[in-house]
Amino acid sequence: MARPGLCVKLGSVWRVFWLMRTVVDFALPQETYAPHSIRTEGHLTLGGLFPVHARGADGTPCGDLKKENGIQRLEAMMYALDQINQDEQLLPNITLGARVLDTCSRDTYALEQSLTFVQALITKDTSDVRCTNGEPPVFVKPEKVVGVIGASTSSIPQISSYASTAPELSDDRRYDFFSRVVPPDSIQAQAMVDIIRALGWMYVSTIASEGSYGEKGVEAFTQLSKEAGGICIAQSLKIPNNPKLEDYDKAIQQLLETQHSRAVIIFANEEDIRGVLNATKRANQVGHFLWIGSDSWGAKSSPIHQLEDVAVGAVTILPKRSSIEGFDEYFTALTLENNRRNVWFAEFWEENFDCRLLSASKREDTSRKCTGQERIGIDSKYEQEGKVQFVIDAVYAMAHALHNMQRDLCPDHPGVCPQMESAEGKTLLKYIRNTSFNGEQLHTESRWGPYDALADLSSAGTSVVFNKNGDAPGRYDLFQFQMTNSSIPEYKVVGQWVETLQLRWYLRLITLLLTPLFLCCVSPLAQLEELQWPDGEQEVPISVCSLPCKTGERKKRVKGMPCCWHCELCDGYQYQYDETSCRLCAYNMRPNPNRTACQPIPIVKLEWHSPWAIIPVFLAMLGIIATIFVMATFVRYNDTPIVRASGRELSYVLLTGIFLCYIITFLMIAKPDVAVCAFRRIFLGLGMCISYAALLTKTNRIYRIFEQGKQTVTAPRFISPTSQIAITSSLICVQLLGVLVWFAVDPPNTIVDYDEQKTINPMLARGVLKCDITDLQIICSLGYSILLMVTCTIYAIKTRDVPEDFNEAKPIGFTMYTTCIVWLAFIPIFFGTAQSAEKLYIQTTTLTISMNLSASVALGMLYMPKVYIIIFHPELNVQKRKRSFKAVVTAATMSSRLSQKPNERPNGEAKTELCENPAADPMSQATKKTY
């Protein structure tokens, strides 16, 4: 053989290939490459991409060994290949080999590694290749990889995948050779939306690792949450590639800016999950966040190792799977002696048992040497990783597709025939998409207990199938990381998602089998009490932008944030119509105490026992008793000189008016009805009208007598008792005529006034039952009586100088002055309280007390002196000699003249002169008395 020399390939295909290798070489230093790969011989070779190592730090592509995601998944592929190669029914006479590479949990490094698989597919043109020694080039033909199992990340299209869940990989226009045995993240995102809605969380944040898996997962979740409605994204954060501690700390600080958004959706790789949890602990926020982890978290222990307190309460999702009992037996039986094909197994051995195999080992943190006699599961903790089943399913899916392809293309040829070797990838893809097999030979035991086997055979024997896009159906187990009775946290299955959310439905199935009638009362969310939350919270924690509004409050939405609102009380007379609006109650209604509906406003009236009524009634009763006593006294002593001299006819008319003034108090307080309202209209102004009409007639008579006497000794007309009664009756008839017109225009009726006591606080609002009489109508009804009162007062002023020996003008004058003062006080009080909530009580009390006082003043000043003389001094109640009209006129004239010189005479001198002057009065001193 010629000595190999330097060969240069100038062809376009090789140029592209080496250009890609050069780019990768530049991005990833050569000395950091993983030094090994696993190769096993077979008729057909399957490629494998696994994250055997974690992402490296400080620019290195590979970091620490990943025992679960890397080694277990890798060995799952090797286990499946062993099982297939030993199966005489599946791919008879054909063995499957493997070429397994380490992706180091990096997309770019996985790209560089996956280029190894396409070398055999490139047609090499050697015509332009020359070696330095002139010999023809020698090429080692790489093995042909018919399909790839992997990778764990989602940026690399694969023919069959166990963990690539990015939604974009369902686009067969871009990734037409891609199929997977796990459902896409779009279905996982729908499961997350259903979980959040079931828990009542409406305000959530998201964290994604930079890359297709995290970003596309969050994008799918965001889109589905918008379509579902009622879920808002508070913050959407991204962890960059090659993150530093500051990146994680910054993310936590940003999450804390929206304190109410406690729920956090995390689509991230294991390293970023650990970084976020560590940053949470550094920020002293353990127990604050409510994590919802994607399948990259699942039920793994590595992301939360020594961070269990931060992860308590986390709800995670993992595609539904079973524990493969055969794999457990296979993996726990592996030793350094019987597993030399795995070039990373020695590193796993050191990591798993915390020991050193050689002095040159990278493990410097331990001095204990490995004996080689350690056993997995005995000397170390072992738990089957969650994606093991899907790795095995992916290998079996490829095997079944190759089996069907060999059966169709090589019906008469055992093993791999030329047609099968020359077949294109699209041919194999067609068989993969049409593959359907039952995995119950492998999935012999449910991972989560015997009842899960009843739940869904997808984890224990359900067919592995692909849809037109190469996706598997969506079936997920839901876990929560909980504290157990032994105070050791662990993942606990709390439900599943199979097209819809089902929380611990298999427990309800058992309940159904035991007590069939009980199941009807159990809702799909009845098992929420089985969930545990941080800090021992019993109820489901809240993660909302705004707390629910209290009863009677409406939501005022924040623009652009449908989950955020301000709560505004439906104030005044409004009630809560729906959660976003208030409506005004009808005029006769008010909101109930919790403002969810309207209720009738209570109707009130002035009650007899009210303090506003007791005082007027008490005064009225005293006045009525006094009036009846005076009237009875006058009737008893009707013919005595004092009664006759006071003008009996007008006195009885005046006493009747006074009596009616007292009576109106009872009508004003009585419960309104049509009859009471009619009597109110009649007697409201009638009593005062009668009283002041009688007083006006009397003062007018006195005024005319003395004015007439100044001019002539002829007596004026209409001063007889009959004339006085006629004049008084005429004045009263005007009032009655006005009342009749009022009846005709506006018949009496009762109303309920809801505006009078419509207070700011609707709970104090009252409807007032009253007569249909306005304030203006009351004043108009009293206006005529007030006019008579004012006129009578004017006449009283004009007759103020008449000697008291001859008339009762001065008592009438004092009566009218006092009455005017009472009514002048009444008017501002009456109208000043028109807007008061106590208007009914104040105005009624003011009106009745004013009328009682007016009547009491007239009764006291005009009649009580006379009654006193009649009862206690009957000796003064005797007949005196009558004076002639001429004597009365002369006395009045002299009095008028003397009053014109007040400065020349002391008080009382005129009276003395009048009494002593014989010319003024021919009567003797003994007969000079008031009649």
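Visitor: Is I871 buried, exposed or partly exposed in this model?

Guide: The model is a predicted one. A residue is called buried under 20% relative accessible area, exposed over 50%, and partly exposed in between. I871 has 35% relative accessibility and therefore counts as partly exposed. This residue is found in helix α24.

Visitor: Which residues form the nonpolar patch on the surface together with I871?

Guide: F629, Y868 and F872 join I871 in that patch, and the accessible area of the four together is about 430 Å². Helix α24, spanning residues 864-872, contributes the largest share, with three residues.

Visitor: How many disulfides does the structure hold?

Guide: There are nine disulfides. A pair of cysteine sulfur atoms within 2.5 Å is taken as a disulfide. One of them joins C62 to C104, with 1.7 Å from S to S. The link of C62 and C104 is right-handed, with 80° about the S-S bond. C62 belongs to strand β4 and C104 to the loop between β5 and α3, so this pair ties together parts 42 residues apart in sequence.

Visitor: Which hand does the link of C570 and C582 have?

Guide: That link is left-handed, with -65° about the S-S bond. C570 lies in the loop between β18 and β19, whereas C582 lies in strand β20, so the pair ties together parts twelve residues apart in sequence. C570 is buried at 0% relative accessibility, and C582 is buried at 19%.

Visitor: Why is the sulfur of C792 not in a bond with that of C820?

Guide: The closest cysteine sulfur to that of C792 is in C820, but it is 8.8 Å away, which is too far for a bond. C792 is buried, with 0% relative accessible area.

Methods. Residues are numbered from 1 along each chain as its sequence is written. This is a predicted model: local features need pLDDT of at least 70, side-chain atom pairs count only at pLDDT 80 or more; totals for chains, interfaces and linings use all residues. Side-chain values use heavy atoms; hydrogens and water are left out. Patches are made of residues with over 30% relative accessible area and no salt bridge: like charges are joined within 9 Å, nonpolar side chains (Val, Leu, Ile, Met, Phe, Trp, Tyr) within 5 Å. Accessible areas come from the Shrake-Rupley method with a 1.4 Å probe; for residues, only the protein chains shown count as cover. A salt bridge is a side-chain nitrogen of Lys or Arg within 4 Å of a carboxyl oxygen of Asp or Glu. Helices (H or I, at least four residues) and strands (E, at least two) are DSSP runs, numbered from the N terminus. Buried means under 20% relative accessible area, exposed over 50%, partly exposed in between (1.4 Å probe, protein chains only).
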